[in-house]
Amino acid sequence: MLIDTHNHLDFPGFDDDREALLHQCASLGVRRQMLIGVEESLWSQLWSTALAHEPLYAALALHPCYLDVHKESDIDTLRAWLDQWAGHPKLCALGEFGLDYYIEQPDKARQQTLFESHLELAIEYELPSLLHVRKAHADVIATLKRYKPPRAGVVHAFAGSYEEAREYLKLGFKLGLGGAPTWPQANRLRKVVPRLPLDGIVLETDAPDMAPAMYPGIRNSPTHLPAICAALAELFGVTSEALAQASTTNACAVFGWDPDAL
């Protein structure tokens with residue numbers, strides 16, 4: 001039994017085969033999937049997709065890589081969405097938001113302002129935060145230590161150091177692992193992963209992005225989650241079943257789900 005804690009199955013690229021993929025996911029034991037918001041214009045499609053399919057759940061936010069697309073009013077629109085839907089069982093988190101210094105000439109000041117606005121909403125509406133962090137762990141950790149969101153959340157696609165992992169875990173966050181550590185050339189990450197505690201990780205695909213090494217050069221899919229689990233279990237030195245159970249337990253804790261109801 002698996003939960004894909006981060007993907008974009010609502011994107012138009014899945015329109016032609018979404019139903020078939022969901023059927024295949026069910027046969028593979030992928031019980032639930034979290035659809036992740038990136039910009040205001042896509043929230044309606046994401047929300048309707050989640051409502052239309054029992055295994056799909058929703059998170060909404062403004063991705064730090066799309067500052068040129070976001071309007072100043074979008075954070076107010078997000079608050080309006082939360083006013084309308086907070087408490088709905090399908091709306092389980094805010095995400096993905098955070099800091100990205102990997103992109104060319106990042107506007108760090110504006111990213112930071114947007115990051116903090118999201119954290120304030122997450123705290124106010126008592127939702128977990130699904131964080132996007134690239135080359136910005138120090139600033140993200142420092143900000144989280146100031147805000148101390150009580151429900152914490154997940155650091156999506158974690159690729160930091162062991163020391164950074166420990167800081168997130170101390171703050172109550174889980175670390176999202178997907179296709180990246182399956183690649184042999186990800187030397188540093190493949191050394192960090194086996195040192196992580198099983199109670200601190202969740203599994204994800206980030207489909208259609210970040211395809212694992214077993215499926216190179218093609219669109220990533222939530223149907224790849226069992227293969228990702230098997231490859232990461234080998235890194236951890238545990239069985240696939242043990243890693244799946246740990247990830248599912250941890251994901252349920254983050255999103256407030258009853259594992260017995262899956």
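Strands here are DSSP runs of at least two residues marked E, numbered from the N terminus.

**View 1. Two histidines annotated as a binding site in a predicted model.** This close-up comes from a predicted model. The UniProt record, an unreviewed entry, marks H132 and H156 as "binding site". The pair spans 25 residues in sequence, yet their C-alpha atoms are no more than 5.6 Å apart, so they gather at one spot. Both H132 and H156 also belong to the lining of the largest pocket.

**View 2. H132 and its surroundings.** Look for H132 in strand β5, which runs through residues 129-134. With a relative accessibility of 9%, H132 is under the 20% cut-off and therefore counts as buried. Setting aside neighbours within four places in sequence, H132 is in contact with H63, P64, C65, E96, F97, G98, L99, D100 and H156. One of these partners deserves a second glance: the side chain of H63 makes a polar contact of 3.3 Å with the side chain of H132.

**View 3. H156 and its surroundings.** Now move over to strand β6, residues 153-156, where H156 sits. H156 is buried because its relative accessible area, 4%, is under 20%. Apart from residues up to four places away in sequence, H156 touches H6, E96, L131, H132, G176, E204 and D206. Here too a histidine partner is worth finding: the side chains of H156 and H6 are joined by a polar contact of 3.4 Å.

**View 4. H132, H156 and E96 together.** This last view brings the two annotated residues into one frame. H132 contacts both H156 and E96, and E96 is also among the residues that H156 touches.

Key:
Residues numbered from 1 in each chain as written. Predicted model: local features only at pLDDT ≥ 70, side-chain atom pairs only at ≥ 80, totals over all residues. Heavy atoms only, no water. UniProt positions renumbered as here; feature names shortened; annotations may be inferred. 1 Å grid on protein atoms, 1.4 Å probe; cavity = no way out; pocket = protein on both sides within 12 Å on 5 of 7 lines; lining within 4 Å. Helix = DSSP H or I, 4+ residues; strand = E, 2+ residues; numbered from the N terminus. Buried < 20%, exposed > 50% of the residue type's maximum accessible area, 1.4 Å probe, protein only. Contact = heavy atoms within 4.5 Å. Polar contact = N/O pair within 3.5 Å; in protein donor to acceptor, adjacent residues only side chain to side chain.
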